[in-house]
Amino acid sequence: MRAPQGVIDDGTPPTPPPLRRAARVIVLDEAGRVLLLRIVDHGRVFWATPGGSLEAGESEEGAALREVAEELGLDGISLSPPLARRIKDHRVGTVQRRQVETYYLTRVDAARVDAVTGTQTDNIQERRWWHLEEIAAGTEPVYPAELTDLVETYLKEGGAPAFSAQLR
């Protein structure tokens with residue numbers, strides 16, 4: 001008889017994947033569009049907000065600012081308080097990880113984004129400004145899945161909510 005899914009044959013539950021802390025930034029322009037990055041990673045294709053893992057000793061805000069500078073060439077931005085957190089088990093490259101992400105928001109003039117000055121392109125294949133309706137109608141996955149709801153709430157409330165949301 002096989003062990004139930006997720007349980008090792010000796011009855012011991014599996015060890016959770018190694019932890020990876022990350023910071024991500026929702027970048028909005030003056031027209032309320034969201035800047036997303038198209039990522040191709042080991043055959044997986046998806047759109048995501050700029051961001052990435054924290055370096056040793058780095059704060060979440062520090063990582064968010066560094067990642068935006070590396071991926072978009074944007075310096076001197078200000079971040080909202082944390083808008084949301086997400087804990088998700090998924091592959092990073094070829095390794096399964098438990099990623100704990102904190103989401104921030106910044107508003108910028110779209111003309112300031114200069115990917116040419118970005119130094120870390122990783123698996124970024126494309127950068128594109130999206131209206132919220134386009135994100136909802138898209139055919140490729142967008143992460144986080146609740147991105148449009150999160151942005152709509154931010155715009156409706158005129159800023160960051162008092163408590164950050166928990167995303168799935």
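**Ring pairs, strands and cores**

Reader: Trp-47 and Trp-130: buried or exposed?
Author: The model is predicted, with local features needing pLDDT of at least 70, side-chain atom pairs counting only at pLDDT 80 or more, and totals for chains, interfaces and linings using all residues. Residues are numbered from 1 along each chain as its sequence is written, and side-chain values use heavy atoms, leaving out hydrogens and water. A residue is buried under 20% relative accessible area, exposed over 50% and partly exposed in between (1.4 Å probe, protein chains only). Both Trp-47 and Trp-130 are buried.

Reader: Okay, the structure holds two aromatic pairs; is the pair of Phe-46 and Tyr-143 stacked or edge-to-face?
Author: Rings of Phe, Tyr and Trp (its six-membered ring) pair if their centres lie within 6.5 Å; planes under 30 degrees apart are stacked, over 60 edge-to-face, the rest tilted. With centres 5.5 Å apart and planes at 65°, the pair of Phe-46 and Tyr-143 comes out edge-to-face.

Reader: How many residues apart are Phe-46 and Tyr-143?
Author: Helices (H or I, at least four residues) and strands (E, at least two) are DSSP runs, numbered from the N terminus. Phe-46 is in strand 3 (residues 44-48) and Tyr-143 in strand 8 (residues 142-143). This ring pair links distant parts of the chain, 97 residues apart.

Reader: And what do Phe-46 and Tyr-143 count as by relative accessibility?
Author: Phe-46 has 16% and counts as buried. Tyr-143 has 33%, so this residue counts as partly exposed.

Reader: Back to the tryptophans: how many residues apart in sequence are the parts tied together by Trp-47 and Trp-130?
Author: Trp-47 and Trp-130 form an edge-to-face pair, 4.9 Å centre to centre with 75° between the planes. Trp-47 lies in strand 3 and Trp-130 in strand 7 (residues 124-130), so the pair ties together parts that are 83 residues apart.

Reader: Which residue has its charged end over the ring of Trp-130?
Author: A charge sits over a ring if NZ of Lys or CZ of Arg is within 6 Å of the ring centre and within 35 degrees of the ring normal. Here the distance from the centre is 3.7 Å. The residue is Arg-128.

Reader: Does strand 3 pair with strand 8 in the parallel or antiparallel sense?
Author: Two strands pair if DSSP finds at least two bridges between them. Strand 2 (residues 34-41) and strand 3 pair antiparallel over five bridges, with Leu-37 opposite Ala-48. On strand 8, Tyr-143 stands opposite Ala-48. Over two bridges, strand 3 and strand 8 pair in the sense called parallel.

Reader: What is phi of His-42?
Author: Most residues other than glycine have a negative phi, and most peptide bonds are trans. His-42 sits in the loop between strand 2 and strand 3, and is exposed, with a relative accessible area of 53%. Its phi is positive, near 50°.

Reader: Where's the cis peptide bond?
Author: Look at the loop between strand 8 and helix 3 (147-157), home of Pro-144. Omega is near 0° for the bond from Tyr-143 to Pro-144.

Reader: Which element gives the largest share of the largest nonpolar core?
Author: A nonpolar core is a set of buried Ala, Val, Leu, Ile, Met, Phe, Trp, Tyr and Cys residues joined through side-chain atoms within 4.5 Å. The largest has 21 residues, and those touching the most other members include Val-27, Leu-72 and Trp-129. Strand 1 (19-28), strand 2, strand 3, helix 1 (60-72) and strand 7 each give two or more residues. The largest share, four residues, comes from helix 1.
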